[in-house]
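Subject: Structure for you to look over

Dear colleague,

I am passing a structure on to you, as you have not worked with it before. Please look through the sequence and the model first, and then read my notes below.

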Amino acid sequence: MLLSIVSYGLALGAVYALIGITYNVMFAASRVFSFTAGTVGMLGGVFGALCIDRMGMPVALGFLLTLAAGAVLGVITEVLTVRPVLKSLDQHLYVLSTLAFALMLQQLTAIEWSTEPQPFPRLLPFGPGFFDQQFWLPISACVLTIIGLEWLYRRTLVGRAFLAISEDNYAARALGLPEQRLRVASYALAGAIGTLAGFTGGEMMLAYFGNGPLLNFYGFVPVALGGMGSNRGAVAGGLALGLFQQTANFLVGGIFASVAIFVVFILVLLVRPEGFAGAAPARRV
Amino acid sequence: MNDSATLPLPAVQRLKAGSLEAWLPTAMLAIAGAALPLLGDSYLGVIATRAAIYWVLVSGLNLVVGFAGQIAIGWVALLTLGAYVTSVLCAGTVMPELSAYLALLIAGLVGAIFGLIIGLPALRLRTFYFAMTTLGFATIVTQVALAWKSVTGGGVGVPGPVLPWPFASPWGFYYFCLGLALLCTWMTTNIAASRFGRSLVALRDAEVAAEAVGISKPALLVTVFLFSGALAAIAGGLFASLQSYITPDAFTFDLSVLFFIAILIGGRGSILGPLLGTIILTALPEFAAPLVAWSTFLYAVLLLVIVLAVPGGIADMLDFKNRRPLERHREIRPRPELLAHIIPPSAQESLLKLENLSLSFGGVRAIDAVHLTLRTGEVHGLIGPNGSGKTTTLNVISGYYPPQQGQVRLNDKALAAGAAAARANQRIARTFQTPRLVGSASVLENVMIGATTAGRASFVESLLFLPRHRRDEARAQAAAMTALAAVGLDQLAFVRADRLQHSELRFVEIARALVLRPLFLLLDEPAAGLSVEEIKRLGALIVTISRQGTGVLLVEHHADLIFDICDRVTVLNLGKVLASGTPAEIRGHREVINAYLGA
């Protein structure tokens with residue numbers, strides 16, 4: 001029983017962590033939080049089931065198509081909802097524009113796909129049990145993503161350019177970095193990571209349009225608590241959240257787990273609005 | 001202050017006529033609503049009832065979203081809460097049955113408390129975080145409703161309350177809801193046109209300036225969340241009655257989206273706009289049956305279009321008055337003689353002393369052991385090269401930054417460090433380097449924001465348009481009009497502030513500061529961007545202000561202006577006081593010439 005709590009909790013936590021990383025990658029490129037983070041996560045599951053189950057594609061092709069669709073959605077998010085409002089960042093219009101786009105995607109899924117949870121195909125012939133793929137797939141996806149991002153940011157020129165625009169947008173532009181193209185690329189990357197979360201967690205969470213808001217919230221909790229922009233914080237927070245949720249689910253029931261997470265989330269933010277690892281906001285006058 | 005009310009100011013009359021104009025569309029909607037049963041269409045009646053109930057909630061939420069600018073997207077949680085509280089109390093399953101009215105009242109109380117709980121994070125958190133907490137709350141309430149079977153009936157649900165005669169019949173219930181909706185419209189319109197409404201908008205669009213005139217964000221937001229939560233829960237009780245039976249399924253997130261988007265489509269800072277938005281969004285899917293499944297999708301598309309293309313919403317489109325072209329070649333003609341009506345003559349001299357102030361940002365010592373004494377009745381110039389700490393000094397005096405060392409004393413009483421909103425009560429006012437005004441509000445409203453701390457009526461008094469509120473308004477209006485006339489902008493009182501030229505905005509800021517009847521007035525580069533003629537008039541205005549008994553601290557780069565009008569000048573360099581004395585002494589000071597003035 002303990003084993004199932006741990007494996008299920010870690011797997012769920014890995015999905016949350018990946019959504020948290022999705023938030024972070026978009027935030028780093030544009031100082032914008034996007035409501036589409038959870039929505040692309042949800043779509044990862046739906047696209048996977050659509051390609052593999054409904055259309056009978058091979059798993060590898062379905063996987064690649066899903067990631068590509070995520071990247072395309074990321075680009076659309078940037079062009080349609082972020083770029084037009086970047087000029088007036090202080091008015092926080094991005095909250096509304098990304099919310100609108102996320103709602104459109106979610107409603108479209110509800111109407112065109114289904115409002116009921118649909119099964120997600122088994123991808124590889126492993127399991128059941130502790131080594132069931134539905135558990136280790138999201139966990140390894142999360143590990144690979146973190147390693148990949150670290151490699152990208154620390155070892156490649158493009159990655160350093162990403163870091164430069166997230167550190168100081170104006171200075172980066174003054175140095176001649178193609179800020180806009182890098183931002184689009186970041187959004188594409190974020191979209192792909194989001195669908196990766198939904199795809200690898202698909203068997204566990206099913207292909208269900210209602211996962212969107214859920215992932216939005218539970219993906220945001222570790223990011224907010226860990227401090228915006230910190231991927232390691234997001235992973236640590238996500239895994240802890242998943243484990244806590246599963247333990248509470250098992251011991252006292254899901255409702256109390258949800259209420260407890262919500263209360264902790266609010267209390268921590270009230271005490272430390274910038275999160276555990278974040279810095280206090282700068283001067284404003 | 002009494003004689004200022006008798007000043008010949010024709011514009012005040014125009015304002016009163018304007019408010020009648022503002023009521024006309026609402027009155028027409030009310031008459032149409034009252035006449036609706038004549039059509040005898042019961043289906044139409046249900047839709048209209050639903051729109052009225054939604055409006056009860058949206059009118060309250062409008063103060064949170066439209067006025068305060070808080071992105072509260074999960075307000076369906078309070079509707080759910082109110083629906084269950086009312087239904088459970090009326091059903092008598094948990095405790096003895098209560099009358100529906102009493103149950104609605106209790107729901108309102110519970111809603112107020114939960115509105116406050118949901119709202120509290122807004123005091124500390126940034127927009128997106130707050131949006132997330134409301135979203136999280138919305139999911140949790142539904143889950144609790146599902147799980148707490150012994151009270152809520154779980155997935156099976158509970159019957160909704162039935163109002164007693166004469167409101168039991170569908171049309172009777174409709175009139176009840178319509179009456180409540182009208183009451184809410186009236187109350188929120190009163191708030192919108194009160195110091196509370198203006199303060200909310202100021203917090204939304206110019207938070208720093210709002211603090212400088214003494215608006216306390218926590219107190220105001222707490223009040224608004226209580227009010228909005230109560231209305232939402234009462235709407236929930238009525239919603240349950242209309243549904244006649246409620247399950248958690250009835251409270252989808254789509255409802256939250258509808259409420260939220262109705263406000264944004266209507267336009268932020270308006271009452272009529274969101275009212276029309278609510279009616280349109282409620283009715284639209286009903287009259288276009290194939291659209292029902294697509295309704296939330298369409299709302300979302302509408303939201304995106306509004307945000308990207310028409311940020312002002314319906315209210316902006318209906319604002320014909322502000323499309324009339326303004327006179328092209330306007331001149332600002334201050335009438336300093338009017339200042340006597342604004343600033344009361346003070347018998348004794350006051351002193352504002354900066355003692356040994358130091359503040360560093362990181363490794364940079366922005367100000368270093370600064371001493372400075374301001375006297376009422378004098379103009380004190382503060383000059384120095386860029387980055388010498390002038391604005392930082394101003395910000396420490398007005399309480400935005402707590403100094404790391406030293407203090408500011410007003411007549412030998414230390415001012416609380418870092419308490420910006422408390423300065424207005426000490427009658428210390430200021431302007432900003434970049435004018436901080438509410439672009440969507442009229443010039444007059446912007447100036448009236450300065451009268452916030454002078455208001456005596458409570459939120460409830462304003463809500464119900466009681467005498468004290470009307471007296472407050474009349475006084476604030478008269479004071480603001482006089483201040484505008486004094487700086488020479490009374491002709492533009494009813495124009496939206498964002499249509500003004502830069503130089504005019506600077507004078508509006510001075511007018512807003514004057515309404516505080518300042519003992520000390522801090523001006524941060526008021527002459528920047530002004531023409532030579534305007535600078536001359538500004539100088540005369542500042543001198544007259546000081547001769548009324550106000551101490552002026554003038555941060556400026558225009559050396560001519562400084563040496564023309566200042567009684568004393570202090571020069572800062574690299575955060576330290578380089579020299580201090582009369583203009584003549586400073587002009588001849590060798591180090592000042594080297595560091596700043598040039599030969």
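The notes that follow take up the contacts between the chains and then those between the domains of one chain.

Please keep in mind throughout that this is a predicted model.

Between the two chains, 31 residues of chain A are in contact with 36 residues of chain B. On the side of chain A that touches chain B, helix 4 (93-112), helix 10 (211-226) and helix 12 (254-271) each supply at least two residues, and the largest share, 12 residues, comes from helix 4 of chain A. Sorted by character, the residues on this side of chain A comprise 25 nonpolar, 4 polar and 2 charged.

Turning to chain B, you will find that it is divided into domain 1 (44-312) and domain 2, which is made up of 336-441 and 500-597. The C-alpha centres of these two domains of chain B lie 45 Å apart, and 13 residues of domain 1 of chain B are in contact with 16 residues of domain 2 of chain B. On the side of domain 1 that touches domain 2, helix 8 (195-205) and helix 9 (207-212) of chain B each supply at least two residues, while the largest share, 4 residues, comes from helix 9 of chain B. The residues on that side of domain 1 of chain B divide into 8 nonpolar, 3 polar and 2 charged.

With best wishes

Methods: Residues are numbered from 1 along each chain as its sequence is written. Chains are lettered from A and ligands numbered from 1 in the order in which they are written. This is a predicted model: local features need pLDDT of at least 70, side-chain atom pairs count only at pLDDT 80 or more; totals for chains, interfaces and linings use all residues. Two residues are in contact if their C-beta atoms, placed from the backbone, lie within 7 Å. Ala, Val, Leu, Ile, Met, Phe, Trp, Tyr, Cys and Pro count as nonpolar, Asp, Glu, Lys and Arg as charged, and the others, Gly among them, as polar. Domain bounds come from an automatic or database domain assignment.
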